[in-house]
Amino acid sequence: LRGAMASPDQQTVLVVEDEASIASFVAMYLRNAGYAVKVAPTGREALTVAEPQTPALIVLDLMLPDIDGIEVCRRLRRRSDVPILMLTARDEDVDKIIGLEVGADDYMTKPFNPRELVARVKSILRRAAPERRRTESEELQHGDLTINAGKREVHVGEEEIRLAPKE
Ligand code: CA
């Protein structure tokens, strides 16, 4: 069953964490849950990896050797609304709040249960999905009438209405 969960439209999760042992077990749990996983050990690399192709979600550790997680989050937010799950060390209450203030979608405190992390990832992606799809397709709907400005298509029910280019 586990193999059947992998599909061509697999979502990619970027894991940003410099501690190799944490990065690899988080990656393993996410892969087992059917996600494609990329790992970046530094903030700089995270920004480089996320630039050409934005992942579906980013798991972002706060403590990184170069640019910290908060700054990485801020920079990502300038150009993308990609869901971000922050990881923080224990008792960093201030950091937690800042993490959410800079635009993270959720956070988890270390040490965390990896199953819980997978559950959070799933729930964030579920919340994010409908909104993102709507903005991609630019569809307007009124009763049976559907107008897709992006694809320049008009449908009434299932039937496509052919329009002249100016229309
Ligand atoms: Ca770290």
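Which residue in S7 does Glu139 stand opposite? The partner is Asn148. This is a predicted model. The chain has 167 residues, and 36% of them count as buried. Its secondary structure comprises five helices and nine strands. A calcium ion, a four-stranded sheet and one aromatic pair are described below.

**Overall build**

- Follow the sequence and you meet the pattern β-α-β-α-β-α-β-α-β-α-β-β-β-β.
- Take the contacts in the chain with a separation of 6 or more: residues 24 or more positions apart account for 55% of them.
- About 10500 Å² of the chain is exposed. Carbon and sulfur atoms supply 50% of that area.

**The calcium site**

- Four residues coordinate the calcium ion: Glu17, Asp18, Asp61 and Met63.
- Glu17 gives OE, while Asp18 and Asp61 each give OD. Met63 uses its O atom.
- The coordination distances run from 2.0 to 2.7 Å.
- Written as a sequence spacing, the donor residues read E-D-x42-D-x1-M.
- Why does the pair Glu17 and Asp61 tie together parts that are 44 residues apart in sequence? Glu17 lies in the loop between strand S1 (12–16) and helix H1 (20–32), and Asp61 lies in strand S3 (residues 57–61), so the pair links those two parts.
- Glu17 and Asp61 are both buried.

**The sheet S6 to S9**

- Four strands make an open sheet, in the order S6-S7-S8-S9. Their pairing is antiparallel.
- Strand S6 (139–142) and strand S9 (159–161) are the edges. Each of these edge strands pairs on one side only.
- From one strand to the next, the twist averages 25°.
- Four bridges join S6 and strand S7 (residues 145–148) in the antiparallel sense. Here Glu139 faces Asn148, the residue opposite in S7.

**Thr146, a residue of S7**

- Thr146 sits in strand S7.
- Is Thr146 buried or exposed? Its relative accessible area is 11%, so Thr146 counts as buried.
- Leaving out residues up to four places away in sequence, Thr146 touches Glu139, Leu140 and Gln141, and also Glu153, Val154 and His155.

**The aromatic pair**

- How many aromatic pairs does the count come to? The count is one.
- The pair is formed by the rings of Phe25 and Phe112. Their centres are 6.1 Å apart. Their planes meet at 45°, so the pair is tilted.
- Phe25 lies in helix H1. Phe112 lies in the loop between strand S5 (106–109) and helix H5 (114–137). The pair therefore ties together parts that are 87 residues apart in sequence.
- Phe25 has 29% relative accessibility, so Phe25 counts as partly exposed.
- Phe112 has a relative accessible area of 12%, so Phe112 is buried.

**Val49, a residue of H2**

- Helix H2 (residues 43–50) holds Val49.
- With a relative accessible area of 23%, Val49 is partly exposed. The reason is the cut-off: buried means under 20%.
- Which residues are in contact with Val49, leaving aside its neighbours within four places in sequence? They are Leu14 and Lys38.
- Val49 and Lys38 are eleven residues apart along the chain, and 8.5 Å separates their C-alpha atoms.

Technical notes
Residues are numbered from 1 along each chain as its sequence is written. This is a predicted model: local features need pLDDT of at least 70, side-chain atom pairs count only at pLDDT 80 or more; totals for chains, interfaces and linings use all residues. Side-chain values use heavy atoms; hydrogens and water are left out. Donors are N, O and S atoms within 2.8 Å of the metal (3.2 Å for Na, K and Ca); water is not among the atoms, so sites may look incomplete. Buried means under 20% relative accessible area, exposed over 50%, partly exposed in between (1.4 Å probe, protein chains only). Contact means heavy atoms within 4.5 Å. Accessible areas come from the Shrake-Rupley method with a 1.4 Å probe; for residues, only the protein chains shown count as cover. Two strands pair if DSSP finds at least two bridges between them. Axes are lines fitted to C-alpha atoms, for helices over the stretch in contact, and angles run from 0 to 180 degrees between N-to-C directions. Rings of Phe, Tyr and Trp (its six-membered ring) pair if their centres lie within 6.5 Å; planes under 30 degrees apart count as stacked, over 60 as edge-to-face and the rest as tilted.
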